[in-house]
Amino acid sequence: EDEPAEGMIFSPEHVNSEPELFPAQALEIDTKGDSEMQILLDSGFSALESGNWDQAARSFRSMAAKDPDSSSILNNYGLALLQHALGLEEEIGVDESVVDSQYEAAIMALRQSAKSNPEEALILYNLGVALVSSGRHEKAVSILDVVLNRPHSPKVAILNARSAAHIGLGDFSAAKNDLSAALSIEPDNQILKANFSRVSPT
């Protein structure tokens, strides 16, 4: 028996691709005149710009070893690990456990970063993105709930990420509400429009 079209749209098993997220964001780092740290920083940002996630992670990991309390360094390290995990996930033949270990490392670095600077909204947003991307949807909603009303938080990106987490949990009504709120702020945003079409029958 065929399901009605509307049933297909709202049925998780028929959502065959992940909603698109706004990217996690790097933070500026003050090297305080340390020439070795500046070289590592330049290498890290250059690697991020060229999509060499493994090299970026190595650079920021080396920086974190010298300054383990820097929330910005830990954020950028977590960002590089997250992008590496996302890249591995798209490759054919990569073991799932390898991908998941990369996600876990990214989440750990971003949690450390958030612990070091709990007021920085972008760090919490990045953590939320890592949680959504790795399928940890309930934890993602909890984090994104916290950061949404912070001053200077990227509200559109947060609402979009939280909608993706709701989709992952099968709560399409909540996802639609979040996307509607985001579209009221940026009505012409193509990512929001595409994600909204996934949860709306019209």
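Here is a short walk through this structure, from its largest pocket to one of its helices and then to a few single residues. Keep in mind as you go that this is a predicted model.

Let's start with the largest pocket, whose volume is about 490 Å³. Its lining is made up of 20 residues, and the ones closest to the centre are E18, L86, E89, Y103 and S133. Three elements each give two or more residues to this lining: α4 (71-90), α5 (96-116) and α6 (121-133). Of these, α4 supplies the largest share, with four residues. If you sort the lining by class, you get 10 nonpolar residues, five polar ones and five charged ones.

Next, turn to helix α3, which runs over residues 53-66. A simple check on its geometry works out well: at 1.5 Å a residue, its 14 residues should span 20 Å, and the C-alpha atoms at its ends are indeed 20 Å apart, so the two values agree. Which residues of α3 are buried? They are A56, A57, S59, F60, M63 and A64. These residues cover an arc of only 165 degrees around the axis, and therefore they sit on the same side of α3. The general pattern behind this is that an α-helix has 3.6 residues a turn, so residues three or four places apart point the same way. As for what covers the buried residues of α3, the elements include α2 (35-50) and α4. You have already met α4 as the source of the largest share of the pocket lining.

Another buried residue is worth a visit further along the chain. R198 is found in helix α10, residues 190-199. Its relative accessibility is 17%, and because buried means under 20%, R198 counts as buried. To place R198 relative to V129, note that the two are 69 residues apart in sequence and 19 Å apart in space, taken from C-alpha to C-alpha.

Finally, look at the backbone in two loops. Most residues other than glycine have a negative phi. K32 has a positive value instead, with phi near 55 degrees. You will find K32 in the loop between α1 (5-9) and α2. With a relative accessibility of 66%, K32 counts as exposed, because the cut-off for exposed is over 50%. H152 also has a positive phi, near 65 degrees, and its place is in the loop between α7 (137-148) and α8 (155-168). At 81% relative accessibility, H152 counts as exposed too.

Conventions. Residues are numbered from 1 along each chain as its sequence is written. This is a predicted model: local features need pLDDT of at least 70, side-chain atom pairs count only at pLDDT 80 or more; totals for chains, interfaces and linings use all residues. Side-chain values use heavy atoms; hydrogens and water are left out. On a 1 Å grid over the protein atoms alone, a cavity is a set of points where a 1.4 Å probe fits but cannot get out, and a pocket is an open set with protein on both sides within 12 Å along at least five of seven lines; lining residues have an atom within 4 Å of a point. Grid points are joined across faces, edges and corners, and a volume is the space filled by probe spheres set on the points. Ala, Val, Leu, Ile, Met, Phe, Trp, Tyr, Cys and Pro count as nonpolar, Asp, Glu, Lys and Arg as charged, and the others, Gly among them, as polar. The expected span of a helix is 1.5 Å times one less than its number of residues. Buried means under 20% relative accessible area, exposed over 50%, partly exposed in between (1.4 Å probe, protein chains only). The arc is that of the directions from the helix axis to the C-beta atoms. Contact means heavy atoms within 4.5 Å.
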